[in-house]
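Let's take a friendly walk through a protein model. Have a look at the chain below, and then we will go through its helices and a few chosen residues.

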Amino acid sequence: MTARDGGAPRRKPADGARLDPVAGREATDRREEILQTAQKLFADKGFRETNLNDVATQLGFRRQAVYHYFRSKEEILYELIDRAGQAIATSAQPTLDADMPPADKLAELVRNHVRQLLNNIDIFRIQFSELFKLSGDRADGLRRDMSAYVHDIANVIKEGQKAGTFIDMPPTAQTLLILGMCNGTTDWYGSARSPRGIDEIAEYAAQLALAGVQGTARKRR
């Protein structure tokens, strides 16, 4: 059992019992409805200002129907944050595993990170606001997942330093600075200050990250 499981063992069907595939699909669809509705409410009203009754009312359910799937709004938040984090980690893995120069690898990781953030901006805004306020085993597990991702990118920077193409500064500090720059896009993307598209912003972030780790001073145009 992992921290992500939240300490609750999954129930197994009784011997000889048959699972109803239709009921299973309906339950999955209902859970997804609750997650998506809660995400929107958390983003619009704030996590602290939203309760499960708000989610139920928005969906036209009784509150008990929401409790059937999630014991608390924190459980919904954990699942949303975990889903978002896994999307970044999973989409980054092929690049981490690829045989390519560290500069190309880092640039692609940064592009992917920004694309993932801005294509699901609500949940990442919630994550950045709430994750480090949460306590308990499951929150600790989510933070460990984030640390593992930072470690993976720091290793790419180490590879570039060994190859002599990246400047000699602490890799983890550089990684956190780069990700901080990327994460900051969620503060302003979608406003009047962001006329650029997601791919264009992702490319700008990749070029800025490379300029930093390579110590490149670019001339102003």
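## The overall pattern

Read from start to end, the protein chain follows the pattern α-α-α-α-α-α-α-α-α-α. That is 10 helices and 0 strands. Please keep in mind that this is a predicted model.

How much of the chain is buried? Of the 221 residues in the protein chain, 38% are buried. Contacts also reach across the sequence: among those between residues at least 6 apart, 66% join residues at least 24 apart.

## How H5 packs against H7

Two packed helices are described by the angle between their axes and the distance between the axes. Let's try this on helix H5 (residues 102-119) and helix H7 (residues 137-162), which pack at an angle of about 150 degrees with their axes 8 Å apart. Because angles over 145 degrees count as roughly antiparallel, H5 is roughly antiparallel to H7. The crossing of these two helices, H5 and H7, is left-handed.

Which residues make the contact? From H5 come Pro102, Lys105, Leu106, Leu109 and His113, while H7 brings Tyr149, Ile153, Val156, Ile157, Glu159 and Gly160. Sorted by character, the residues of this contact of H5 with H7 are 7 nonpolar, 2 polar and 2 charged.

## How H5 packs against H8

H5 also meets helix H8 (residues 171-183): their axes come within 9 Å and cross at roughly 35 degrees. The crossing of H5 and H8 is right-handed. On the H5 side, the contact is made by Leu106, Val110, His113, Val114 and Leu117, and on the H8 side by Ile178, Leu179, Cys182 and Asn183.

How do the residues of this contact divide? The contact of H5 with H8 has 7 nonpolar residues, 2 polar and no charged. Looking back at the two lists, Leu106 and His113 of H5 take part in the contact with H7, and Leu106 and His113 also take part in the contact with H8.

## The two faces of H2

Now turn to helix H2 (residues 52-59), whose buried residues are Leu52, Val55 and Ala56. They cover an arc of only 95 degrees around the axis, which puts them on the same side of H2. A general rule helps here: an α-helix has 3.6 residues a turn, so residues three or four places apart point the same way.

What does the face turned away from the buried side carry? There you find the exposed residues Thr57 and Gln58. Gln58 has a relative accessible area of 56%, so it counts as exposed, since the cut-off for exposed is over 50%. Even so, Gln58 has partners beyond its neighbours within four places in sequence, namely Thr37 and Leu41. The C-alpha atoms of Gln58 and Ile34 are 9.4 Å apart, although their positions lie 24 residues apart along the chain.

## Two buried residues in H4

Helix H4 (residues 73-97) holds Thr95, and Ala84 lies in H4 too. Is Thr95 buried or exposed? With a relative accessible area of 11%, Thr95 is buried. Not counting residues up to four places away in sequence, Thr95 touches Met100, Lys105, Glu108 and Leu109.

Ala84 has a relative accessibility of 4% and so counts as buried. Leaving aside its neighbours within four places in sequence, Ala84 is in contact with Ile123, Phe124 and Gln127. From C-alpha to C-alpha, Ala84 and Leu117 are 8.6 Å apart in space, and they are 33 residues apart in sequence.

Note on methods: Residues numbered from 1 in each chain as written. Predicted model: local features only at pLDDT ≥ 70, side-chain atom pairs only at ≥ 80, totals over all residues. Heavy atoms only, no water. Axes fitted to C-alpha atoms, helices over the stretch in contact; angles between N-to-C directions. Helix = DSSP H or I, 4+ residues; strand = E, 2+ residues; numbered from the N terminus. Parallel < 35°, antiparallel > 145°, perpendicular 65-115°, else oblique. Left-handed = near helix turned anticlockwise from the far one by under 90°. Contact = heavy atoms within 4.5 Å. Nonpolar A, V, L, I, M, F, W, Y, C, P; charged D, E, K, R; others polar. Buried < 20%, exposed > 50% of the residue type's maximum accessible area, 1.4 Å probe, protein only. Arc of directions from axis to C-beta.
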